[in-house]
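Reader: I have a model open and want to go through it piece by piece. Can you take my questions as they come?
Author: Go ahead.

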Amino acid sequence: MTRFASTQPLSPVADDPRWARIVARDKEADGRLWYSVATTGVYCRPSCPSRRANPRNVMLHDTLESARATGFRPCQRCNPEGPSLESENAALVARACRIIEDSEEEPALEALAEAVGRSAGYFHRVFKAATGLTPKAYAAADRAKKVREGLETGNSVTAAIYDAGFNSSGRFYEKSTGMLGMTPTQYRAGGADEAIRFAVGQTSLGAILVASSTKGVASILLGDDPDALVRDLQDRFPKARLVGADKDYEALVARVVGFVENPGIGLELPLDVRGTAFQRRVWQALQEIPAGARTSYSEIARRIGSPTAVRAVAGACAANALAIAIPCHRVVRTDGALSGYAWGIERKRALLEREAARSI
């Protein structure tokens, strides 16, 4: 009898494509598929975190009514009759975001957690997984946004600072350059007084434009048409003064060109990185990828502590204005295929091949 049992074919459930979604705990199948387990007497949603059942003991259901008809009880872990845990967490995070945005001062973590009915540790993990930022970083980003909006609408610098929730101008000015990329007065004027030096060079991959502020290199752009790159730079800094650089600056461009042709020489440059708090975290993770290595968007999301923010990571890569200095070309799809690249897939492939050749 034992030998006979061991050679029994698998349940038809194991061959059903819906079972694969349950094995994967596919959250997108929630609300469209349920399953019941005879040995435990419960029915669940596909994303249920419980130990996977033997498919021989499972029945699949396309409606909640069908699952109920088994006479089994709803699983207490995944709550198949109510909102999913992910939906509940998304709602509490959204509520916390509104509290942060409506507060005159940055709320304490404990106060936020209490307001949404969760422990501080649990709330912190859920918030970061959903937004890609800690509550503190989200609050800082929100205040920076309010400062920018205040300056853009013509408020005085002092009014914009206090309206954004800063208790003192001193605390604001400590962070203002990193927050705005320039002084508050310059930002209020639309960056009109900011000087951006630039020069255009040529590589085997096409034209390259390098531009710098007083803080560091702010853009490295690749393309086929040098004039198009200059227009792109103008679009990125519409109110800045673009200054054609001198021979000393062209020497810096030559260093960048040399790195494109020979990645093994390395590239150490002062950078003026401008982006949101989340983008900057992604870009920092990209800079930690060694030449010759590749990673995926999901791996970058995991590294920055936001495993569910894969699409946001891809968006941050697409927004990168510092080609090769922030090496978004080293990020590929999970299956190894090359995905989109702001400066063209063929350039991405060439850069990866050159780095791979140098690492052998």
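Reader: How do the residues of the lining of the largest cavity divide into nonpolar, polar and charged?
Author: This is a predicted model. In it, the lining of the largest cavity has seven nonpolar residues, one polar and two charged.

Reader: Which residues are they?
Author: The largest cavity is lined by Trp 19, Ile 22, Val 23, Arg 25, Tyr 35, Pro 46, Cys 48, Ser 50, Arg 52 and Ala 53.

Reader: Which element gives the largest share of that lining?
Author: H3 does, with three residues. Helix H3 covers residues 17–23.

Reader: What volume does the largest cavity have, and how many cavities of 30 Å³ or more are there?
Author: The volume is about 60 Å³. The structure holds two cavities of 30 Å³ or more.

Reader: Staying by H3, where does Asp 16 lie?
Author: Asp 16 is in the loop between helix H2 (12–15) and helix H3.

Reader: Does Asp 16 count as buried or exposed?
Author: Buried, because its relative accessibility is 19% and the cut-off for buried is under 20%.

Reader: How far apart are Asp 16 and Leu 60?
Author: In sequence they are 44 residues apart, and in space 9.1 Å, C-alpha to C-alpha. Leu 60 falls in strand S3 (58–61).

Reader: What order do the strands have in the open sheet with S3?
Author: The order is S3-S1-S2-S4, an open sheet of four strands with mixed pairing. S3 and strand S4 (73–74) are the edge strands, each pairing on one side only.

Reader: And S1 with S2, parallel or antiparallel?
Author: Antiparallel, over three bridges, between S1 (residues 34–37) and S2 (residues 42–44). Ser 36, for one, has Tyr 43 in S2 as its bridge partner.

Reader: Other strands now. How many residues of S7 are buried?
Author: Seven of its seven residues, so to speak of strand S7 (residues 217–223) as mostly covered is fair.

Reader: What joins S6 to S7?
Author: A hairpin, through four residues. Strand S6 (residues 206–212) and S7 run antiparallel and are joined by six bridges. In one of the pairs, Val 210 has Ile 220 of S7 as its bridge partner.

Reader: Change of topic: pockets. How much space lies in the second largest one?
Author: About 550 Å³. It is lined by 20 residues, and those closest to its centre are Lys 27, Leu 85, Glu 86, Asn 89 and Thr 308.

Reader: Which elements give two or more residues to that lining?
Author: Helix H5 (85–102) and helix H7 (120–131). H5 gives the most, five residues.

Reader: And the lining by class?
Author: The second largest pocket has 10 nonpolar, four polar and six charged residues in its lining.

Reader: Last one, H16. Which of its residues are buried?
Author: In helix H16 (residues 310–318), the buried residues are Val 313, Ala 316 and Cys 317. They cover an arc of only 100° around the axis, so they are on the same side of H16.

Reader: What covers them, and which exposed residues does the face turned away carry?
Author: The cover includes helix H14 (277–287), helix H15 (297–303) and strand S10 (331–332). The face turned away from the buried side carries the exposed residues Arg 311 and Ala 318.

Key:
Residues numbered from 1 in each chain as written. Predicted model: local features only at pLDDT ≥ 70, side-chain atom pairs only at ≥ 80, totals over all residues. Heavy atoms only, no water. Buried < 20%, exposed > 50% of the residue type's maximum accessible area, 1.4 Å probe, protein only. Arc of directions from axis to C-beta. Contact = heavy atoms within 4.5 Å. 1 Å grid on protein atoms, 1.4 Å probe; cavity = no way out; pocket = protein on both sides within 12 Å on 5 of 7 lines; lining within 4 Å. Points joined across faces, edges and corners; volume = space filled by probe spheres on them. Nonpolar A, V, L, I, M, F, W, Y, C, P; charged D, E, K, R; others polar. Pairing = 2+ DSSP bridges.
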